[in-house]
Amino acid sequence: MIRRNLPFAAIAVIALVAAPLLLEPFRLSLLAKYLCYAIVALGIGLAWGQGGMLTLGQGVFFGLGGYSMAMYLKLSESGGGLPDFMVWSGVEELPALWTPFANPVFALTMAVAGPVLLAVVLGTLVFRQRVRGAYFAILTQALAAAMVILLVGQQGLTGGTNGMTNFFELFGADLAEDSTQRVLYLVVAGVLGVLYLATRQLVNSRFGRLLVAVRDGEDRVRFLGYDPALVKTVTFAVSAGLAGLAGALFVPVVGIISPALLGVVPSLELVVAVAVGGRQVLAGAVLGAVVMGYAQTTFSEQFANGWLYLQGALFILVMTLAPKGIAGLLGRLRRARTA
């Protein structure tokens, strides 16, 4: 057991100690952003890799968490007045929906509880009707598209297409300071590590084995007396909660939340990242999010006009050489080396 945890411990030490010392503030902030995406990927790995639920709408839950945190930051900076984008939009009175988000505890709670509640309602309605496979994937994708339309249409309430930006302080700390960004990175990395260990424990538990059984033979599990709909709903809710928490962390790290970050395309990109890393291994999902995030940044900096083609080529290359992702390739090399 100790030897099995050594790689995780080594990576954790590098992430928490070496990265803040070796990377300049801008690169460290980018790494923190990748780790936020890795938290979302962890939830996708749980739902898709372990439970067989291909969810193409994780951007919705990510956005709910992000907007919850953004609402708190805007109210905190306005000192009880109207946020800047509401003034520009001609809003004269703070909407009642915004009022509770002046409390940071409520905002952070809603960043996780909101996505979880939505996932429970959607999962209960969908899984009870035994909707699965491509039909479930299309449904979650349609949810992401509808969410974007809703946010864009509410200019005075959500900032519309531009979303919310210009965040300056978090709990009294200046977000522009390098020291604040370093602390935020450590918080994100620590949260990811704790969530990874908790999720891995869940996968290795009896519930995790039942989840895999539902993935491989839902009807057989039902005949054995279990409720597959309940198992899938709980898993979907946990995945949504992870995405919501990632969104709440993303906002102070990056400094913006907008509909462009939570639509169909970002949700698909996260699924692609999990596939590249290896969807059946939680560590692979995390690795895929970091690798694809780094590749996107590097390609866009070096090849501004054709980086999307390079990113697509990377995905095709990995899927061709390693259908089970990077994690599957590493596992195959390890087994060959042992043999």
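In which helix is the place of V231? In this predicted model, V231 belongs to helix α11, which comprises residues 228–254. The relative accessibility of V231 is 5%, and buried means under 20% relative accessible area, so V231 counts as buried. Once residues up to four places away in sequence are set aside, V231 touches F207, L210, L211 and V214. One of these pairs can also be described through the backbone: the C-alpha atoms of V231 and L211 are separated by 6.5 Å, although the two residues stand 20 residues apart along the chain.

Helix α11 also holds T235. With a relative accessibility of 1%, T235 counts as buried. Apart from residues up to four places away in sequence, T235 is in contact with L46, A47, M53, F207 and L211. Two names in that list, F207 and L211, also appear among the residues that V231 touches. A further link concerns helix α2, which spans residues 25–50: L46 and A47, both touched by T235, fall within that range.

The surface may be considered next, beginning with its nonpolar part. L16, V17, L21, L22, L23 and L186 make a nonpolar surface patch of about 580 Å². Helix α1, covering residues 2–22, gives the most to this patch, contributing four residues. L23, by contrast, is situated in the loop between α1 and α2. What is the relative accessibility of L23, and how does L23 count? The value is 34%, and partly exposed denotes the interval between the buried and exposed limits of 20% and 50%; L23 therefore counts as partly exposed.

Charged patches complete the description. On the surface, E169, D174, E177 and D178 gather in a patch of negative charge. Within this group, E177 occupies the loop between β3, residues 173–174, and α8, residues 178–204. The boundaries of these elements also place D174 in β3 and D178 in α8. E177 has a relative accessible area of 42% and is partly exposed.

A patch of positive charge is formed on the surface by K324, R332, R334 and R335. R332 is found in helix α15, which runs over residues 325–338, and that range also includes R334 and R335. Because its relative accessibility is 41%, R332 counts as partly exposed. The residues followed here thus include V231, which is buried, and T235, likewise buried, together with the partly exposed L23, E177 and R332.

Key. Residues numbered from 1 in each chain as written. Predicted model: local features only at pLDDT ≥ 70, side-chain atom pairs only at ≥ 80, totals over all residues. Heavy atoms only, no water. Patch = residues over 30% accessible without salt bridge, like charges linked within 9 Å, V, L, I, M, F, W, Y side chains within 5 Å. Areas by Shrake-Rupley, 256 points an atom, 1.4 Å probe, with all protein chains shown as cover. Salt bridge = Lys/Arg side-chain N within 4 Å of Asp/Glu carboxyl O. Lys, Arg positive; Asp, Glu negative; His and termini not counted. Charge placed at Lys NZ, Arg CZ, Asp CG, Glu CD. Helix = DSSP H or I, 4+ residues; strand = E, 2+ residues; numbered from the N terminus. Buried < 20%, exposed > 50% of the residue type's maximum accessible area, 1.4 Å probe, protein only. Contact = heavy atoms within 4.5 Å.
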